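Biologist: Could you walk me through this one? I'd like to start with the fold and then get to the chain contact.

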Amino acid sequence: MKENRQELNRQLAQMLKGGVIMDVTTPEQARIAEEAGACAVMALERIPADIRAAGGVSRMSDPKMIRGIQEAVSIPVMAKCRIGHIAEAQILQAIEIDYIDESEVLSPADNIYHIDKTKFDVPFVCGAKNLGEALRRIAEGATMIRTKGEPGTGDVVQAVSHMRLMQSEIHRLVSMSEDELFEAAKQLQAPYELVKFVHENGKLPVVNFAAGGVATPADAALMMQLGAEGVFVGSGIFKSGNPQKRAAAIVQAVTNYQDAKLLAELSEDLGEAMVGINEQEIELLMAERGK
Amino acid sequence: MLALQGAFIEHERMLERLGVETFEVRQLSDWLQPKEGLIIPGGESTTQLRLLNDLGLLLPIRQAILDGLPVFGTCAGLILLAKQEDGLPREGLCTMDIDVCRNAYGRQLGSFNARGKVNGVAEDFPMTYIRAPYIHRTLSPEVEILSEADGHIVAVRQGHQLATAFHPELTEDDRLHQYFCDFEGYTIKEG
């Protein structure tokens with residue numbers, strides 16, 4: 001039965017492919033996101049840029065606020081719990097969330113252990129900045145992976161380097177001979193079975209999205225060209241001048257990520273993009289949380 | 001293959017196995033290529049509908065289906081083909097005389113696997129339901145019910161149109177795809 005659940009949870013992620021998952025903080029924003037063509041929304045109290053600005057400990061959102069968003073839209077609703085916070089995850093499962101993001105954007109609750117996600121019926125997505133992290137999260141039961149990027153910055157550089165690294169590590173595994181895989185598993189600190197799967201299939205066993213710092217249609221198209229199967233957009237939409245228009249443009253950019261002419265049209269007149277902070281200007285690297 | 005959003009690669013692999021050539025439709029220029037059928041994959045129906053509208057694909061595709069192009073919709077695809085939702089007219093391609101219920105089994109915790117009979121296709125067919133819809137009722141005697149589960153209609157055929165609430169593309173069983181590939185298009189009348 002548990003295996004069956006894992007399979008169904010991986011399959012829900014398959015349905016999200018080619019789509020954009022948007023961070024929203026109110027039912028209004030959720031409706032705007034759905035109307036713009038989001039394939040799911042992430043319900044949270046503060047978007048990453050504001051979490052970054054506010055500082056302090058950031059936690060799971062109020063279940064009442066999440067329920068309000070569940071009632072407002074028909075698309076899947078995701079929510080974040082802190083890394084290793086089993087109880088927050090149980091609460092989110094109790095309100096029948098469609099996907100839990102065990103996220104480095106919130107303050108980690110456990111510096112060593114992630115949640116044993118195989119014990120849950122609801123699916124989990126986790127961040128990863130390289131193949132080893134991705135495979136460890138999958139071994140723990142994650143049924144969807146996203147790059148960590150550097151959330152709340154509007155700077156895509158980290159998402160790019162995480163996606164590039166993951167892809168190059170995948171290519172490396174594919175090119176190895178079978179007897180080298182045991183050592184590769186040791187180096188990646190990941191289970192041999194998963195390493196073998198990547199060697200044979202040239203991809204992760206679950207869907208892999210881009211996240212962290214995506215702010216424009218061009219950013220989204222870039223991530224798709226680098227091999228992402230879909231995109232999370234956090235602060236980029238509701239921190240910008242014209243959220244409706246920008247959201248719809250990013251949705252179209254993900255579908256037609258290889259058509260530069262269309263991307264040019266989509267990038268016109270979007271109003272002000274989120275201001276953004278450079279990687280060097282930030283003190284807190286969220287991507288370093290939870291390895 | 002409508003490739004705006006969702007699980008279209010899974011359908012492509014299945015057709016590839018059956019030796020059928022496919023191409024992806026992401027915009028109007030793709031759509032203009034010659035074709036013998038269309039598959040609308042699972043995904044989010046609201047997302048796909050928004051993209052159909054924004055990319056100017058909705059009316060050309062609707063017209064092609066009305067003119068007899070064979071079409072196969074799974075899950076979100078079924079919803080896009082339906083004329084009604086919960087008894088009210090809905091936006092979409094609206095070419096099948098069915099009344100659907102979206103997210104009929106609730107949220108992701110309600111997703112499940114089952115097996116059932118699909119008339120004319122298989123006695124025992126694997127069915128994967130992911131936040132699936134079902135069909136309240138058919139709106140025309142032209143609609144043939146292919147499968148029912150727990151008293152709800154989950155697969156239908158109306159002439160050259162085929163729709164399922166479950167996802168045959170997520171299984172290894174290609175009999176429904178084979179069944180669809182045998183369809184020949186013919187013209188139906190509006191209304």
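Modeller: Sure, and keep in mind that this is a predicted model. Chain A has an open sheet of eight strands with parallel pairing, running β7-β6-β5-β4-β3-β2-β1-β8.

Biologist: Which are the edge strands of chain A?

Modeller: Look for strands that pair on one side only. In chain A those are β7 (207–209) and β8 (231–233).

Biologist: And in β8(A), what is the bridge partner of A:I21?

Modeller: Strand β1 (residues 20–24) of chain A pairs with β8(A) in the parallel sense, over three bridges. For A:I21, the partner in β8(A) is A:F232.

Biologist: At what angle to β1(A) does α12(A) run?

Modeller: α2(A) packs on the sheet too, touching β1 and β2 (40–43) of chain A, with its direction about 165 degrees from that of β1(A). α12(A) lies across β1 and β8 of chain A, and its angle to β1(A) is about 155 degrees.

Biologist: Now the interface: how many salt bridges does the rule find between chain A and chain B?

Modeller: The contact takes 37 residues from chain A and 33 from chain B, and the two chains bury about 2900 Å² between them. One of the salt bridges joins the side chains of B:R107 and A:D98, at 3.0 Å from N to O. Across the interface, the count is four.

Biologist: Which element gives the most to the side of chain A that touches chain B?

Modeller: The elements giving two or more residues to that side are α1 (2–16), α2 (27–36) and α12 (243–255) of chain A. With nine residues, the top contributor is α1(A).

Definitions and conventions:
Residues are numbered from 1 along each chain as its sequence is written. Chains are lettered from A and ligands numbered from 1 in the order in which they are written. This is a predicted model: local features need pLDDT of at least 70, side-chain atom pairs count only at pLDDT 80 or more; totals for chains, interfaces and linings use all residues. Side-chain values use heavy atoms; hydrogens and water are left out. Contact means heavy atoms within 4.5 Å. Buried area is the accessible area (1.4 Å probe) that two parts lose on being put together, summed over both. Helices (H or I, at least four residues) and strands (E, at least two) are DSSP runs, numbered from the N terminus. Two strands pair if DSSP finds at least two bridges between them. Axes are lines fitted to C-alpha atoms, for helices over the stretch in contact, and angles run from 0 to 180 degrees between N-to-C directions.
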